[in-house]
Amino acid sequence: MTQKRSGKTTGAARKSCIHTHCLVASLGHGAQPVPTTSEDQPDGATTNRSSSVSVFRTAFSTPYCLEELLGAGVELDKRGPPGTDGWPSSFEVAHLECLSCGSALGPSKKQHGAVSSALLLTHSYPFFTVDARLKQCQDSSCRAVHLPHPISTGVPLFNVSNCVFVSLEFYVDCRMLLSEGTPLSVAVSSKIRTLLIRTPNAHRPSGKQLSYLERSICSGYWAFEIISPRDDISALCGLCGTCPEILIGDGNEKNCCSSRQVVSKHTAADQTNVNQAHMELADHSYSMGPAHHTVDVEAGDLSRRVEDHLLERAIFTRNCAGFSVSAKEVAPFVNKLAQADVLVNTEHCKMSSFGTDDVPGDQGRLLDLIQTGQFHISELHTIAETELNSTCVACLLPINGKSNVAKRNDLQRLYDSILHGFCPCHVFTKAAGQTGGFYHLVCRHGVIYASKIITRRESVRDAVDLYLSLKFQPILLVCDSPCSFSKHLELRDRELSRRLWGDRRGCFEKPVAGKQPANDIDLPFIVPMEFRASSVGVLDEAGLLPLQHPVSGRTDRFVVGDRFHTTTNPHKLPLCRYHNIDNCVQGVLYKTSYAESQNHIRNLRRLRSSCAQTFETHFVYNRLMDFFHNQMVVDKQRQSLLETTQGCAISRGAFHRFLVSKQ
């Protein structure tokens, strides 16, 4: 065998074991290898996995509401175990043609790598053996695997790799436990141990079999959730609809996963895009549309790839290929009814150097110079020393004892800090080896409207990406770094910010250096609808002007800070006081702690699972948890309305808001 100089056998040599040499010796020199059956061949060599996943999506359709199927399971339990009039004892594919390409299917056979018999897992009859056989497409370019699908015949069982048939009641129990914060592996192992109590010792699986069984059931659960259809409207706030008046944003660096699968290196192409952004911004070439120095991402692209990867685990007994994702691909989670035409992601534009060190200078003063045409970043390396010094002084950058190169570097870094979303008033943290956490926008009723996985360190780019991904930007946005939010958006899209708040920089009035903000500004159009003296309708969506909000009828938007961070971690710059929500007399009507409350709930329910998850599981898990949470809130809203308006019907009206009508 091939050996290293140290005398140790290499990994490649270890794979070429003594059995291989024995086989070659038995065949003789130049002899042809013994042909193997399709059952003996490895999945990867004979199966097109993408075709198999496509077939799985086509054949395995599971309704989200399972009352009828769960009732059928109760009846089968009453009839008896497999082999009687109760649960089936064998499962085969009924159709003869491939659901992917239409070619003929081969004969029924067992799953490669599977145990001799599959297991049935129900609450009344756990660990009963059953016979399960699959079919494979005969077309060499397809070779899709077709698994039996008991649900299509009214039997409430979910087939995982043709090795275990799990009752839907088992998975529904896991869904309920997961939504309350129990890690999936804990829920599955606990239920398995409970079932073992009622199982005779002779029929109990061995320790290794149980470990494999639990992993298979967990893989099957994610597939079960992926193919279960969900109604977006059931997770949309019934009081805000698609046009919330206020959204509160906050990040949570604790809700993270390992970053090993995230390709987040700042590539040469990324730097070229940033440099191009510098030139365009310097020339004031602002425009509406995709040229906002962003990447418009399709929500379905990464979702489909993640889902296909997890579905593979539920189809094949062998591990699928590794999974990796780039920062560019991670689209925000936004309810389809409330999302804009495109979803915005600029995660790859961040620089990790910002967030750990203080950046000298005043971002607002530099932005003023850029917007008034007194400074162009493209001319930074050509301006005269006198102008360089005056620009540094205007931006509160020290010049004494510094060379011109150092001064230019300070200006460039101050400019980059705005562009990359650095906030000098708020410290963002990130654990080494982990993703940057999670950012979300919630309405004042607690429904999550938009959220995103942060692959790098958190910055105001995350809040701006979600803000631009909404169909209707809220009248009032509350976040922990409003000063940097507005500056970043103004540098990133001057025309859009001008239409949203003119020269107010997101405040209730124009910030003026050396002047205290007013604390009695009256803006009656931001009063929440439930606090208004008379009922106010919403505008007709067909007649809305660009950026016009359906409730206020205006394009004015405001960005303010939450009271928690304003009190415990005051902002460093005097002009930041203009972002205080209490400067407006109507501000007392709003609570700004919703996002912090949501983070607390997330920590209680998600942190026991998230940190140990792979990226693809983390992605689907958080998407599911957002849906479970929103659905619970909306169900409570509906129930409360039904109790207070007895005899009335609840439906969805304009902008998908709840509409109460007499029956």
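These exercises, each with a worked solution, concern a predicted model of one protein chain.

**Exercise 1. The whole chain**

Task: State how many helices and strands the protein chain has, and what share of its residues is buried.

Solution:
- Start with the elements. The protein chain has 19 helices and 19 strands.
- Turn to burial. Of the 663 residues in the chain, 52% are buried.
- Add the surface. The accessible surface is about 29,600 Å². Carbon and sulfur atoms hold 53% of that surface.
- Finish with contacts. Take those with a separation of 6 or more: 75% of them join residues 24 or more positions apart.

**Exercise 2. Two packed helices**

Task: Describe how helix α6 packs with helix α19, and find which residues make the contact.

Solution:
- Recall the description needed. Packed helices are described by the angle between their axes and the distance between those axes.
- Locate the pair. Helix α6 covers residues 168-179, and helix α19 covers residues 615-644.
- Read the geometry. The angle is about 85 degrees, and the axes are 10 Å apart.
- Classify the angle. Values from 65 to 115 degrees count as roughly perpendicular, so α6 is roughly perpendicular to α19.
- List the residues. R175, L178 and S179 of α6 meet Y621, M625 and F628 of α19.
- Sort them by class. The contact has 4 nonpolar, 1 polar and 1 charged residues.

**Exercise 3. Cysteines**

Task: Find how many disulfides the structure holds, then check C137 and C443.

Solution:
- Recall the bond. A disulfide joins the sulfur atoms of two cysteines covalently.
- Give the count. The structure holds 0 disulfides.
- Check C137. Its nearest cysteine sulfur belongs to C101, 3.5 Å away. The cut-off is within 2.5 Å, so C137 is in no disulfide.
- Check its burial. C137 has a relative accessible area of 0%, so C137 is buried.
- Check C443. The nearest cysteine sulfur is that of C237, 3.9 Å away, and C443 is in no disulfide.
- Check burial again. C443 has 0% relative accessibility and therefore counts as buried.

**Exercise 4. Positive phi**

Task: Place L547 and H656 in the chain, and give the phi of each.

Solution:
- Recall the background. Most residues other than glycine have a negative phi.
- Take L547. Its phi is positive, near 70 degrees. L547 lies in the loop between α16 (494-501) and β17 (558-561).
- Take H656. Its phi is also positive, about 60 degrees. H656 sits in the loop between β18 (648-652) and β19 (658-662).
- Is H656 buried, partly exposed or exposed? Its relative accessibility is 28%, so H656 counts as partly exposed.

Key
Residues are numbered from 1 along each chain as its sequence is written. This is a predicted model: local features need pLDDT of at least 70, side-chain atom pairs count only at pLDDT 80 or more; totals for chains, interfaces and linings use all residues. Side-chain values use heavy atoms; hydrogens and water are left out. Helices (H or I, at least four residues) and strands (E, at least two) are DSSP runs, numbered from the N terminus. Buried means under 20% relative accessible area, exposed over 50%, partly exposed in between (1.4 Å probe, protein chains only). Contact means heavy atoms within 4.5 Å. Accessible areas come from the Shrake-Rupley method with a 1.4 Å probe; for residues, only the protein chains shown count as cover. Axes are lines fitted to C-alpha atoms, for helices over the stretch in contact, and angles run from 0 to 180 degrees between N-to-C directions. Angles under 35 degrees count as roughly parallel, over 145 as roughly antiparallel, 65 to 115 as roughly perpendicular and the rest as oblique. Ala, Val, Leu, Ile, Met, Phe, Trp, Tyr, Cys and Pro count as nonpolar, Asp, Glu, Lys and Arg as charged, and the others, Gly among them, as polar.
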